[in-house]
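Q: Could you take me through one part of this model in detail? I'd like a close look at a pair of packed helices and what surrounds them.

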Amino acid sequence: MGKVVVCDHPLIQHKLTIIRDKNTITKDFRDLVGEVATLMAYEITRDLPLAKTTIETPVAKMESSVLSGRMIGLVPILRAGLGMVDGILKLIPSAKVGHIGLQRDEETLQPVEYYLNLPTDAQERLLIVIDPMLATGGSAIAALSALKARGCRHLKLMCLIAAPEGVEALQAAHPDVDLYVAAVDERLNERGYIVPGLGDAGDRLFGTK
């Protein structure tokens, strides 16, 4: 079963409180989401493999560590996932970025893919799928399924906030995918919003209603 990692660093939790506050204006909301994404990127990359290399400092030669193995790709789920990308790229500027767009079928109420663009070497990369909210889990599950259908097998999911219902659905559908969140909240309400949550992340990021 994929692990659920709650990134409980004090700076993340402090910034998340301000993000949740309904009085936080769009600019501050956007800036803080990026900052939390940067901090969460430290946790999600904690187990990246290292290799030894020899360098020469101004004083002496030494053996030191560099990243080895798979490079990283970021796949934000449109549109809200875009708000976290720049924050991660500040830490991992060499990451390539793909995009996936999903919309709800009004008859089946299931997410349907309408756009997918991936790096040409996506199958060789560790892909971090990004969406601020994991509510029912429908969009994240569909995005991960779409990536797996295209041969991508090295996947992680990063969200700001998750509902228990979404975590359970994700683990049932993709038990091999690790989830990284800043908080797991109480529940979903009758409209499918996370409680207490932070409202609609896309609207608050882009100033729309």
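A: Happy to! This is a predicted model, and a good place to begin is Thr38, which sits in helix α2. Thr38 counts as buried, because its relative accessibility is 16% and the cut-off for buried is under 20%. Leaving out residues up to four places away in sequence, Thr38 touches Gly87, Ile88, Lys90 and Leu91.

Now for the helix that carries Thr38 and its partner. Two packed helices are described by the angle between their axes and the distance between the axes. Here, helix α1 covers residues 10–20 and helix α2 covers residues 26–44. Their axes come within 10 Å and cross at roughly 155°. Angles over 145 degrees count as roughly antiparallel, and α1 and α2 are therefore roughly antiparallel to each other. The crossing of the two is left-handed. On the α1 side, the contact is made by Leu11, Ile12, Lys15, Leu16, Ile18 and Ile19. From α2 come Phe29, Leu32, Val33, Glu35, Val36, Leu39 and Met40.

Between these helices runs a loop, and Asp21 is found there. With a relative accessible area of 36%, Asp21 is partly exposed. Its C-alpha atom is separated by 9.5 Å from that of Gly199, although the two residues are 178 residues apart along the chain.

From Gly199 we can step along to Asp200, which UniProt lists in an unreviewed entry under the feature "binding site". That record places the feature also at Arg79, Arg104, Asp131, Pro132, Met133, Leu134, Ala135, Thr136, Gly137, Gly138 and Ser139. In the model, the lining of the largest pocket includes these annotated residues, among them Arg79, Asp131, Thr136 and Asp200.

Two of the annotated residues deserve a closer look. Arg104 lies in strand β6, which spans residues 99–104. Arg104 is exposed, because its relative accessible area is 52% and exposed means over 50%. Ser139 belongs to helix α4, residues 138–149, and counts as partly exposed at 32% relative accessibility. Setting aside neighbours within four places in sequence, Ser139 is in contact with Ile77, Leu102, Pro111 and Asp131. Of these contacts, Asp131 is itself listed in the UniProt feature and is included in the pocket lining.

Conventions:
Residues numbered from 1 in each chain as written. Predicted model: local features only at pLDDT ≥ 70, side-chain atom pairs only at ≥ 80, totals over all residues. Heavy atoms only, no water. UniProt positions renumbered as here; feature names shortened; annotations may be inferred. 1 Å grid on protein atoms, 1.4 Å probe; cavity = no way out; pocket = protein on both sides within 12 Å on 5 of 7 lines; lining within 4 Å. Helix = DSSP H or I, 4+ residues; strand = E, 2+ residues; numbered from the N terminus. Buried < 20%, exposed > 50% of the residue type's maximum accessible area, 1.4 Å probe, protein only. Contact = heavy atoms within 4.5 Å. Axes fitted to C-alpha atoms, helices over the stretch in contact; angles between N-to-C directions. Parallel < 35°, antiparallel > 145°, perpendicular 65-115°, else oblique. Left-handed = near helix turned anticlockwise from the far one by under 90°.
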